[in-house]
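I sat down with this one to work out which parts I can trust and how the strands and helices are put together. These are my notes, in the order I looked things up.

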Amino acid sequence: MENCCRHYGASTGQGAAAAAVCVRLSLFIYEMHAPMKNNRLGVALIASSLLMIALVVWLMLQRQSDSHAAQIRAQGLGVTRSLAALPMHLLAPGAGQSSVINSLFAYHDNPDFAYAAVMAPGGASLAEVANGGATVATLPLPTGTASLFGERTVPAAGGSVREFYGPVLDGGRLQGFVRVAYFMPRSLLTMKDLPFFGVLALAMFLLVPLAYILLRRELAPLSGISRQLGEVVANTSGVSLPAAPRDVRDLAGQLQQYLAGTNARIAALERDSFKAIADGRLLEYGSNKMDAVLRCMPDGVLILDPSGEITFANGKVEPMLGASTQAVLATPIEAWCLDAPLAALLARYRSDSAESGRQASVEFSPREVPHKRLVATAQPLVGAEGRVAFGTLVVLRDATREFLAQQAGNDFVAHVSHELKSPLNVIVMYSEMLQDAAPDDHALRVEATNVIRDEVERMASLVNNLLNVSKLETGSMSPERHRIKLDDLLRDAFEHMLPRAESRNMKLELQLPRELAAVSIDKDLFRIALNNLLTNAIKYNRDGGSVTLSADESDHEIVITVRDSGIGIAPEQQARVFEKFYRAPGSEAAASGGHGLGLYLACQIVELHHGRIALVSDVGAGSAFSIHLKKMAALVPGPSTL
C-alpha cells in the first residue's frame with residue numbers, strides 16, 4: 001500500500017490528492033484501533049449493556065403488570081355479572097343464614113381478592129366479606145348507575161383496589177347492588193421473578209467481554225498498518241501524523257486541519273480555472289442568446305452598423321418583403337429593396353445627418369407581397385447616455401390585420417350610416433305624404449303605413465344584429481337551453497318569413513319529416529340564426545325564385561338546410577362569408593344591400609350550441625346553408641317548451 005501511494009503521487013504529480021486519500025484511510029483505521037488502546041470502547045460497551053438490561057427488565061415487568069391487571073378485570077367483571085344474576089334472597093338471606101358471597105369468598109386462596117358486599121338501594125350493607133385486613137369502601141356508587149354495570153378505583157389502606165359493581169334486579173325492579181373488589185398490583189417485581197431476571201441479565205452482560213475480546217483480537221494487526229500509512233502521508237504531503245496522540249479526537253483534529261488546508265488550495269485552483277471557463281462561455285452564451293432572440297422574434301428584424309450597412313437579418317424578412325436573407329445581407333440596398341418608403345428609411349441612417357439619431361417609422365405595402373401591409377420602425381442603438389452609437393435596429397411588423405380591420409370598420413360605419421339614413425329618409429318622405437294626403441285617401445295611408453313599418457323593421461334588425469354581435473364579443477351571451485320541439489320552431493320561422501317572400505313573388509317551401517327529435521337549444525338565439533339565413537336567402541335571390549327550409553334526421557345528428565335559387569357565392573369568397581363585416585363583391589350582391597353581420601352572427605350562435613354550419617354554393621345556381629346539430633349533445637330529458 002505504501003509503494004502504491006508513493007507511485008501514485010510521483011507519477012501524476014498530484015501529491016496533495018494522494019495524501020488526502022491516504023489520510024482518510026489512516027483516519028478510518030486509527031479511529032477503530034485507538035479506542036481499543038484507551039479502553040473507551042469497553043466502557044461504552046459495559047454502559048450500553050447495563051442500559052439495555054435495565055430496559056429489557058422494565059419492559060418485561062410492565063408487560064407482566066398489564067397482564068395481571070387484565071386478568072383481575074376479567075375475573076372481577078365475570079364474578080360481578082354472575083352474582084348479579086342470582087336472586088336477592090340468596091345474596092342477602094335472613095339472620096342466621098349464610099350468604100352466597102360468604103360461601104364463595106370466605107375460604108379462598110386468591111391473594112388479589114379484597115372484599116365483596118351486597119348493598120341495599122339506599123346504600124346499607126346487607127352482606128359482606130373482606131380479605132387481608134381490607135374493609136368495604138363506604139363511597140357511594142356513581143350517580144346514574146342504577147341499572148348499569150361498572151368499575152372504579154377506590155382508595156384503600158396500603159394502596160388502592162379495583163371495584164366492580166352491578167345491579168340486582170327482580171322483574172325489572174332494583175333490589176340492591178353487588179360490589180366485588182380486588183387489590184391493584186403493588187409491585188412489579190416479586191421474589192419469585194428474581195432468579196429469571198438475574199439469569200437474563202447475567203447472560204446479556206457476559207456477551208460484552210466476549211465481544212470486546214474478539215474485536216481486540218481482530219483489530220490488533222491494524223496498528224502496524226496505521227504506522228505505515230502515517231509515513232506515506234509524511235512523504236507525500238510533508239505533514240507528519242502524531243506518533244502517539246492522546247486520543248482519537250486529537251488525531252481527527254490534526255487530520256481535519258490538514259485536509260482543510262489541502263481542500264482550500266485545491267478549491268482556489270479550481271475557482272480560477274472555472275472562472276476562466278465561465279467567462280468564455282458567458283460571452284459565447286450571450287452572443288448566441290441574442291442571436292437566437294432576434295431570429296425567433298415574430299417580426300422581421302434588420303440591424304445596421306454605424307455606417308448604415310445591414311449586418312443581420314432574421315428569417316421573417318423574406319416572407320414579408322419577398323427578398324431572400326442572403327440577398328439582403330450580401331447585396332446593396334438598392335439591389336433588393338423595391339419599396340421606395342423602406343429604401344428611403346434605410347438610406348436615412350446611412351448618412352451622418354442629425355435625423356439619423358432619431359426614431360422613424362413608415363407604413364407601406366411591399367411590391368413583391370402586395371396583399372400585406374407592413375410598418376417599418378427604425379430605432380438607433382446608442383450607449384453611454386447617447387454618446388456611443390452601435391448602429392440601428394429596424395423592425396418590420398405585419399399590420400395587415402389591423403389595416404384590414406380599420407378599413408372594414410370604416411366601411412362598416414359608412415355602410416351602417418347609409419343603412420340607417422336610407423330608411424329614415426323613406427320614413428320622413430312618407431310621413432310628409434301622410435300629412436299632405438287627403439282625408440279620404442285610404443290607399444295612400446295603407447301604403448305609407450306598410451312602408452314605414454318595413455323600414456322600421458329593417459333598422460331594428462340592423463340594431464339587433466349589432467347588439468348581438470357586441471354580446472358575443474364581450475362574452476355576455478350564453479345560451480339558456482330548453483327542450484324544444486324543432487318542427488314547431490321551423491314552422492314558426494317559415495311563417496314569419498312568408499310575407500317577405502311573397503312580397504318578392506318568391507316560392508317559400510317547408511320540407512319536414514313526420515317526426516323530428518326534440519333538441520336542447522336556446523329558442524330565441526336559434527331563431528335569430530334561422531331568421532338571418534332565411535333573410536339572406538330571400539335578399540340575395542331573384543324575383544320569382546324559390547327558398548326551401550328543410551330538416552333531416554340521422555342516427556347521429558339533425559341537419560337543418562336553407563336552400564335558395566339565388567345569385568350564389570364564388571368559391572374564393574365562400575371561406576370568408578362568415579367573417580364579420582365581410583360582404584361579397586359584385587354588382588348583384590351590392591345592389592341587395594346588407595351589412596356583413598347576418599352570417600357571422602348565425603355561425604357564432606350555432607357554434608355556441610356545439611354545432612357547425614356548412615355552405616355549398618354555385619355562382620348563378622344558388623346556395624345551401626346547413627346547420628348540423630349532434631343528437632347526443634342536443635337531446636335531454638325534460639318538458640317540451642314551445
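**Confidence, the tail end.** I began at residues 632–642, where pLDDT stays under 50. This is a predicted model, and for that stretch it has 19 contacts beyond four places in sequence. I then checked residues 1–38, and pLDDT stays under 50 there too. The model has 62 contacts beyond four places in sequence for residues 1–38. For the chain, I noted a mean pLDDT of 75, with 74% of the residues at 70 or more.

**First sheet, strand order.** In what order do the five strands of the antiparallel sheet stand? I read it off as β2-β1-β5-β4-β3, and the sheet is open. β2 (125–130) and β3 are at the edges with a single partner strand each, so each has one side without a neighbour in the sheet. From one strand to the next, the twist averages 20°.

**First sheet, pair by pair.** I started from the β3 edge. β3 (residues 150–156) runs antiparallel to β4 (residues 159–170), and seven bridges hold the pairing. I picked out two partners to use as landmarks: Gly 150 is bridged to Tyr 165 in β4, and Arg 152 stands opposite Glu 163 in β4.

Next over is β5 (residues 173–183), joined to β4 by 10 bridges, again antiparallel. Here I marked Val 168, which has Gly 176 of β5 opposite. The two strands make a hairpin with two residues between them. I looked at the turn and found Gly 171 with a positive phi of about 65°.

Then β1. It pairs with β5 over six bridges in the antiparallel sense, and Met 119 has Phe 177 in β5 as its bridge partner. On to β2: five bridges connect it to β1, antiparallel once more. Val 118 is bridged to Ala 127 there. The hairpin of β1 and β2 has five residues between the strands, and Gly 123 takes a positive phi near 105°.

**Is β1 buried or exposed?** I went through β1 (residues 113–119), and seven of its seven residues are buried, so the strand is largely enclosed by the rest of the structure.

**Second sheet.** Further along the chain I traced another open sheet of five strands, in the order β12-β14-β15-β17-β16, and the pairing in this one is mixed. The edge strands are β12 (507–511) and β16 (612–618); each has a single partner strand, so one side of each lacks a neighbour in the sheet. Ignoring direction, neighbouring strands are turned by 15° against each other on average.

I looked up one pair in detail. β12 and β14 (residues 546–553) run parallel and share five bridges. Lys 507 has Ser 546 in β14 as its bridge partner.

**Helices on the second sheet.** I wanted to know which helices lie across these strands. α15 (residues 486–503) lies across β12, β14 and β15 (557–564), and runs at about 175° to β12. α16 lies across β14, β15, β16 and β17 (622–630), at about 30° to β15.

**α16 against α19.** How do the axes of these two helices cross? For α16 (residues 523–539) and α19 (residues 598–608), I have the axes coming within 9 Å and crossing at roughly 145°. The crossing is left-handed. On the α16 side, the contact is made by Leu 525, Phe 526, Ile 528, Ala 529, Asn 532, Leu 533 and Asn 536. α19 brings Gly 598, Leu 599, Leu 601, Ala 602 and Ile 605. I sorted these residues by type: nine nonpolar, three polar and no charged.

**α19 itself.** This helix is mostly covered, with eight of its 11 residues buried. The buried ones include Gly 598, Leu 599, Leu 601, Ala 602 and Ile 605, and those names also turn up in the contact with α16. Tyr 600, Cys 603 and Val 606 are buried as well. Last thing I checked was what comes after the helix: α19 is followed by His 610, with a positive phi near 60°.

How values were computed:
Residues are numbered from 1 along each chain as its sequence is written. This is a predicted model: local features need pLDDT of at least 70, side-chain atom pairs count only at pLDDT 80 or more; totals for chains, interfaces and linings use all residues. Side-chain values use heavy atoms; hydrogens and water are left out. pLDDT is the predictor's confidence in each residue, from 0 to 100. Contact means heavy atoms within 4.5 Å. Two strands pair if DSSP finds at least two bridges between them. Helices (H or I, at least four residues) and strands (E, at least two) are DSSP runs, numbered from the N terminus. Axes are lines fitted to C-alpha atoms, for helices over the stretch in contact, and angles run from 0 to 180 degrees between N-to-C directions. A crossing is left-handed if the near helix is turned anticlockwise from the far one by less than a right angle, and right-handed if clockwise. Ala, Val, Leu, Ile, Met, Phe, Trp, Tyr, Cys and Pro count as nonpolar, Asp, Glu, Lys and Arg as charged, and the others, Gly among them, as polar. Buried means under 20% relative accessible area, exposed over 50%, partly exposed in between (1.4 Å probe, protein chains only).
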